[in-house]
Amino acid sequence: MPRDGVPPVVSDIATLNQVIDAFASGTGPVAVDAERASGHRYGQRAFLVQLRREGAGTALIDPVALPDLSGLNAAIVDAEWVLHAASQDLPCLYDVGLRPRLIFDTELGARLAGYPRVGLAAMVEEMLGLSLAKEHSAVDWSTRPLPEPWLRYAALDVEVLVDLRDAVCAELTRQNKLDWAMEEFAAVAATPPPAPRVDPWRRTSGMHRVRDRRRLAAVRELWQTRDAIARQRDLSPGRVLGDAAIIEAALAMPTTQSGLIALPAFNGRGARRYARQWTEAVTHAKALADSDLPPQHLPSEGPPPPRVWAERDAAAAARLAACRASMSELAGELGMPVENLISPDTVRRLSWTPPPEITEGAVRARLETAGARAWQIGLITDRLVEALHTQAPEPTEDSPRA
């Protein structure tokens with residue numbers, strides 16, 4: 001049970017103003033968490049916001065009833081906000097007017113400290129010796145009223161965060177990594193919300209099976225139809241029609257409703273309920289002019305997939321192998337995942353198109369342009385310069401000829 005019991009959910013302006021006064025008078029960091037209804041509702045908006053601060057206690061706020069929490073934000077904006085996996089919660093917090101300036105991300109800090117399991121429950125058990133029940137993490141938080149066991153779970157999540165923050169901070173200090181972590185946290189807090197994806201329908205699971213543009217168009221039409229229905233009904237798209245059904249229909253291209261619902265993946269209620277709309281989507285894709293079909297692949301300004309580098313540019317492939325090996329070795333020495341030392345995409349781009357003159361200054365400038373932090377640049381620049389000078393091996397008589 002939470003130390004102070006489970007507080008009532010705040011859902012009116014008068015009570016919210018009391019919370020604002022309490023948190024403005026509180027001291028120290030503010031633990032913040034949000035619960036979404038992923039897999040149940042459309043989008044990633046928050047359905048519960050939890051906060052805790054010394055002197056203020058815990059607050060559970062209903063952002064559906066109170067969609068503008070900017071007044072609360074003003075009361076705590078100068079405090080350090082403690083979150084776990086901040087990048088997951090910040091977008092939905094932004095939507096309700098909560099925008100921190102200074103954060104401490106216990107999950108990211110744990111990664112830099114080299115912990116192999118960085119989920120909240122695992123970290124709380126590892127560092128605080130407490131067991132958190134996680135059976136409510138995937139429930140439908142849009143449910144009203146929220147059951148008391150769920151609220152207990154939500155209150156406990158923020159109750160442990162400041163203690164976890166102190167433990168992670170102590171470990172980062174012991175490893176001389178706290179300054180690195182603070183740079184990372186500042187970068188997360190300063191990152192704007194992600195821009196909408198181009199052609200999000202291309203992320204449909206199973207797309208690798210779709211080999212021609214006409215069937216790609218069918219995936220697009222089915223995906224967009226599903227998205228419109230899901231948005232209108234406020235349901236997770238997967239609850240309307242699964243990705244497997246979209247791919248199956250795009251491959252089969254049925255021309256009738258009976259042909260469509262005869263497909264094995266169309267056995268759910270939602271799949272059959274909207275059979276007419278799915279059939280119309282496929283029919284529309286079949287009728288499109290060739291010029292209106294989507295390209296097989298989106299143009300990319302980045303390098304090609306590494307699997308083809310050896311054939312296209314042996315020197316680039318050699319540089320990539322050397323850079324990856326060097327970064328993996330350094331990450332192992334520092335006790336952290338290599339992706340937290342440097343973005344894999346940055347390594348690929350640098351290996352594919354290195355500076356004309358591979359010098360410390362040139363590589364440093366490229367890393368800065370790519371968004372690498374100062375602590376990363378200081379650690380990796382010299383090693384990358386050395387790795388980028390790697391030459392492709394000379395072909396031998398046994399080497400395949402072009």
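In this predicted model, a convenient place to start is the pairing in which Val82 stands opposite Phe104 in strand 6. Val82 also has a partner in another strand, since Ala31 stands opposite Val82 in strand 5. The pairing between strand 5 and strand 6, residues 102-105, is parallel and extends over four bridges. Strand 2, which spans residues 27-36, likewise runs parallel to strand 5, and two bridges join them.

The side chains of strand 5 itself, residues 80-83, can be followed one by one. Glu80 and Val82 point one way, while Trp81 and Leu83 point the other way. Despite these opposite directions, all of these residues are buried, and that includes the charged residue Glu80. Strand 5 then takes part in a right-handed β-α-β unit, together with helix 3 and strand 6. The helix of this unit, helix 3, covers residues 86-95, and it is a helpful guide to the pockets described next.

The largest pocket holds about 1100 Å³ of space. Its lining counts 29 residues, and those closest to the centre are Tyr42, Gly43, Gln44, Arg197 and Pro200. Two helices, helix 3 and helix 9 (213-233), each supply at least two residues of this lining. Helix 3 gives the largest share, with five residues. In terms of residue class, the lining of the largest pocket is made up of eleven nonpolar, eleven charged and seven polar residues.

Helix 3 turns up again at the second largest pocket, where about 660 Å³ of space is found. Here the lining comprises 28 residues, and Ser87, Ala187, Val188, Thr191 and Arg373 lie nearest the centre. One of these, Ser87, falls within helix 3, while Ala187 and Val188 fall within helix 8 (178-190). Contributions of at least two residues each come from helix 3, helix 4 (106-112), helix 8 and helix 17 (338-341). The largest share of this lining is again that of helix 3, with six residues. By class, the lining of the second largest pocket has 14 nonpolar residues, eight polar ones and six charged ones.

Taken together, helix 3 links the two parts of this description: it belongs to the β-α-β unit with strand 5 and strand 6, and it provides the largest share of the lining both in the largest pocket and in the second largest pocket.

Technical notes:
Residues are numbered from 1 along each chain as its sequence is written. This is a predicted model: local features need pLDDT of at least 70, side-chain atom pairs count only at pLDDT 80 or more; totals for chains, interfaces and linings use all residues. Side-chain values use heavy atoms; hydrogens and water are left out. On a 1 Å grid over the protein atoms alone, a cavity is a set of points where a 1.4 Å probe fits but cannot get out, and a pocket is an open set with protein on both sides within 12 Å along at least five of seven lines; lining residues have an atom within 4 Å of a point. Grid points are joined across faces, edges and corners, and a volume is the space filled by probe spheres set on the points. Buried means under 20% relative accessible area, exposed over 50%, partly exposed in between (1.4 Å probe, protein chains only). Two strands pair if DSSP finds at least two bridges between them. A crossover is right-handed if, with the strands pointing away from the viewer, the path from the first strand over the helix to the second runs clockwise.
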